[in-house]
Amino acid sequence: MKPIKSKTPRSWKQAEAHPSIDEIVSEFHDEAVKYYIIIQDHVYNPGTGEKGGGFFVDSFRELQQSIDW
C-alpha cells in the first residue's frame, strides 16, 4: 500500500498544520528573519540528508521546494 502524499502547502498557516511539520519558528539571523522548520522523524531533512530534526529556510517558497510533500 502506497503512503498518501499530502498536498504542498500554499501558505505559512497550511505549512504549520501540515502533518510533516512539527513546528515553524521565526528567528532573527544576520539582520534578516529566517524560519526554523522542525519536521517529523520520518521526513527527509534537506539540511542534514537524514530524516527528522530541523532546518532553516529564508522564505516560504524555499520551504515549498525543500520537502518532498
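Helices (H or I, at least four residues) and strands (E, at least two) are DSSP runs, numbered from the N terminus. With that in hand, Ile38 can be placed in strand β2.

Welcome to the structure above. This is a predicted model, in which local features need pLDDT of at least 70 and side-chain atom pairs count only at pLDDT 80 or more, while totals for chains, interfaces and linings use all residues. Residues are numbered from 1 along each chain as its sequence is written, and side-chain values use heavy atoms, with hydrogens and water left out.

## The whole chain

Two helices and three strands make up the elements of the chain, and their order along the sequence is α-β-β-β-α. The radius of gyration is 12 Å, close to the 11 Å that the globule rule gives for 69 residues, so the chain is as compact as a globular protein of that length. Here the radius is taken over C-alpha atoms, and the rule is 2.2 Å times the number of residues to the power 0.38. Along its principal axes, the C-alpha trace spans about 45 × 25 × 15 Å.

What does the chain expose? About 5,100 Å², with carbon and sulfur atoms supplying 49% of it; such areas come from the Shrake-Rupley method with a 1.4 Å probe, and for residues only the protein chains shown count as cover. Of the 69 residues, 29% are buried. Buried means under 20% relative accessible area, exposed over 50%, and partly exposed in between (1.4 Å probe, protein chains only).

Contacts are the next topic, and a contact means heavy atoms within 4.5 Å. Among contacts with a separation of 6 or more, 28% are between residues 24 or more positions apart.

The chain also carries 8 positive and 11 negative charges, whose mean positions are 15 Å apart. Lys and Arg count as positive and Asp and Glu as negative, while His and the chain ends are not counted. Each charge is placed at NZ of Lys, CZ of Arg, CG of Asp or CD of Glu.

## A few residues to find

The table lists some residues with their relative accessible areas.

| Residue | Place | Relative accessible area |
|---|---|---|
| Ser20 | loop between α1 (12-17) and β1 | 14%, buried |
| Ile21 | strand β1 (residues 21-29) | 4%, buried |
| Ile39 | strand β2 | 2%, buried |
| Asn45 | loop between β2 (32-44) and β3 (51-57) | 1%, buried |
| Asp30 | loop between β1 and β2 | 71%, exposed |
| Glu31 | loop between β1 and β2 | 76%, exposed |

## Around Ile21 and Ile39

Not counting residues up to four places away in sequence, Ile21 touches Ala15, Glu16, Ile37, Ile38, Ile39, Gln40, Leu63, Ile67 and Trp69. Its C-alpha atom is 8.6 Å from that of Val43, which lies 22 residues away along the chain. The loop residue Ser20 touches Ile39, Gln40 and Val43, again leaving out residues up to four places away in sequence.

Which residues does Ile39 touch, not counting residues up to four places away in sequence? They are Ser20, Ile21, Asp22, Tyr44, Asn45, Gly52, Gly53, Phe55 and Ile67. Between Ile39 and Gly49 there are 13 Å from C-alpha to C-alpha, with the two residues 10 apart in sequence.

Ile38 is partly exposed, at 23% relative accessible area. Its partners, with neighbours within four places in sequence left aside, are Ile21, Asp22, Glu23, Val25, Gly53 and Gly54. Ile38 and Ile24 are 14 residues apart along the chain, and their C-alpha atoms are separated by 6.2 Å.

## Two loops

Asn45 offers a good spot to pause. A polar atom of the Asn45 side chain lies 2.7 Å from the backbone nitrogen of Gly47. A polar contact is a pair of N or O atoms within 3.5 Å; within protein, one must be able to donate a hydrogen and the other to accept it, and residues adjacent in sequence count only if both atoms are side-chain atoms. Leaving aside neighbours within four places in sequence, Asn45 is in contact with Ile39, Glu50, Lys51, Gly52, Gly53, Gly54 and Phe55.

In the loop between β1 and β2, look for Asp30, which has a positive phi of about 50° although it is not a glycine. Glu31, also not a glycine, has a positive phi of about 65°.
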